[in-house]
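Here are a few exercises to work through with the model open beside you. Try each task before reading the solution under it.

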Amino acid sequence: MEQTSELDCKEIASIKDAPQKHHIELLHYRQKSNWDCGVSCVLMVLPNKHRQHLTKNLSKICKSEGFNKSTWTIDLCYLLKKYEVQHVFYTVTIGVHEGYRGNSFYHQILTKDENRVKVKFRDASKNKIPVRKASISILHIIEQLLNGPIIILTNARLLYCDICKSNKISNELRKCLPWPTTYQGHYIVLCGYDIERQRVFYRNPSFGDRWFLQMYVPCRCPLWKKRVKATGLMKT
């Protein structure tokens, strides 16, 4: 998801029928390895029956879905479809972004994953998986959170928490020092917002059972523009 314009706080507060604070209760799932953050986020949004089935058959299902231990967002779409979870996939790139070829994070996995990813994008429509090429704003995110949680792929190095102060010191230092920010793709689940405090709630599968709080207003937090450049799966 990519920010397209500065958003006025009054516009956010004027969302029709939106409560000032909204929090979605989710059963947390902590990732077991360094590759399964996306699948862990899917587990957090699944109904209990499907969650148990996926947990018990995780290795088998990951292999049968074709991604094994190398997960792209389109793979998560097919996984959600398998368990009949209605959702919409928003992305600024259909297929594989050409810029990934020069990214060390993606370099090693592109060779073996590119064909699978392209085929899944190509076949998404006939499999009734809605993929939208679009940039969306924090306003849209807040509106969609009223329908359900949102799985997003973002940069783990730019995540922080106002409550437990996780990663906050390094983020504050980045505002003062010209540190380069390398990309580390990571999935999280947005699970609420607080308009008055200008915060979003999210669950991070890297940690134990708790939610995190982070500023969202672009004019107050320039790093949000970087964090929001992510693909997103929204429940409908």
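Helices (H or I, at least four residues) and strands (E, at least two) are DSSP runs, numbered from the N terminus. This is a predicted model, in which local features need pLDDT of at least 70 and side-chain atom pairs count only at pLDDT 80 or more, while totals for chains, interfaces and linings use all residues. Residues are numbered from 1 along each chain as its sequence is written, and side-chain values use heavy atoms, with hydrogens and water left out.

**Exercise 1. The overall picture**

Find how many helices and strands the protein has, and what percentage of its residues count as buried.

Step 1. The protein has nine helices and eight strands.

Step 2. Buried means under 20% relative accessible area, exposed means over 50%, and partly exposed is in between (1.4 Å probe, protein chains only). By that rule, 53% of the 236 residues count as buried.

Step 3. For the surface, use the Shrake-Rupley method with a 1.4 Å probe; for residues, only the protein chains shown count as cover. The accessible surface comes to about 12,000 Å², and 50% of it belongs to carbon and sulfur atoms.

Step 4. Now the contacts, meaning heavy atoms within 4.5 Å. Take those between residues at least 6 apart in sequence: 71% of them join residues at least 24 apart.

**Exercise 2. A helix pair**

Work out how α2 and α3 are oriented: roughly parallel or roughly antiparallel?

Step 1. Two packed helices are described by the angle between their axes and the distance between the axes. Axes are lines fitted to C-alpha atoms, for helices over the stretch in contact, and angles run from 0 to 180 degrees between N-to-C directions.

Step 2. Helix α2 spans residues 37-45 and α3 spans residues 48-56; the angle is about 150 degrees, and the axes are 8 Å apart.

Step 3. Sort the angle: under 35 degrees is roughly parallel, over 145 roughly antiparallel, 65 to 115 roughly perpendicular, and the rest oblique. That is why α2 and α3 come out as roughly antiparallel.

Step 4. Look at who touches whom. Val-39, Val-42, Leu-43 and Met-44 come from α2, and Arg-51, Leu-54 and Thr-55 from α3.

Step 5. Class the residues: Ala, Val, Leu, Ile, Met, Phe, Trp, Tyr, Cys and Pro are nonpolar, Asp, Glu, Lys and Arg are charged, and the others, Gly among them, are polar. The contact of α2 with α3 then has five nonpolar residues, one polar and one charged.

**Exercise 3. The cores**

Which element gives the largest share of the largest nonpolar core?

Step 1. A nonpolar core is a set of buried Ala, Val, Leu, Ile, Met, Phe, Trp, Tyr and Cys residues joined through side-chain atoms within 4.5 Å. The largest has 46 residues, and those with the most contacts inside it are Val-39, Val-42, Leu-54, Leu-79 and Leu-190.

Step 2. Elements that give two or more residues include α2, α4 (58-64), α5 and β5 (185-194). The largest share, seven residues, is from α2.

Step 3. Apart from this core lies another, of 11 residues, among them Cys-77, Leu-110, Val-117 and Ala-124.

Step 4. Zoom in on Val-39. Beyond its neighbours within four places in sequence, Val-39 is in contact with Leu-54, Leu-58, Cys-62, Phe-67, Thr-71, Leu-76 and Leu-79.

**Exercise 4. Helix α5 and what follows**

Why is α5 described as largely enclosed by the rest of the structure?

Step 1. Eight of the 10 residues of α5 (73-82) are buried, so the helix is largely enclosed. Among them are Ile-74, Asp-75 and Tyr-78.

Step 2. Go on to Glu-84, in the loop between α5 and β2. Its phi is near 60 degrees, a positive value in a residue other than glycine. Most residues other than glycine have a negative phi.

Step 3. Check its exposure: at 70% relative accessibility, Glu-84 counts as exposed.

**Exercise 5. Thr-71 and Ile-109**

Is Thr-71 buried or exposed?

Step 1. Thr-71 is in the loop between α4 and α5. Thr-71 counts as buried because its relative accessibility is 16%.

Step 2. Leaving aside neighbours within four places in sequence, Thr-71 is in contact with Trp-35, Val-39, Leu-76 and Tyr-187.

Step 3. Now find Ile-109, in helix α6. At 23% relative accessibility, Ile-109 counts as partly exposed.

Step 4. Ile-109 and Thr-71 are 38 residues apart in sequence and 9.8 Å apart in space, C-alpha to C-alpha.
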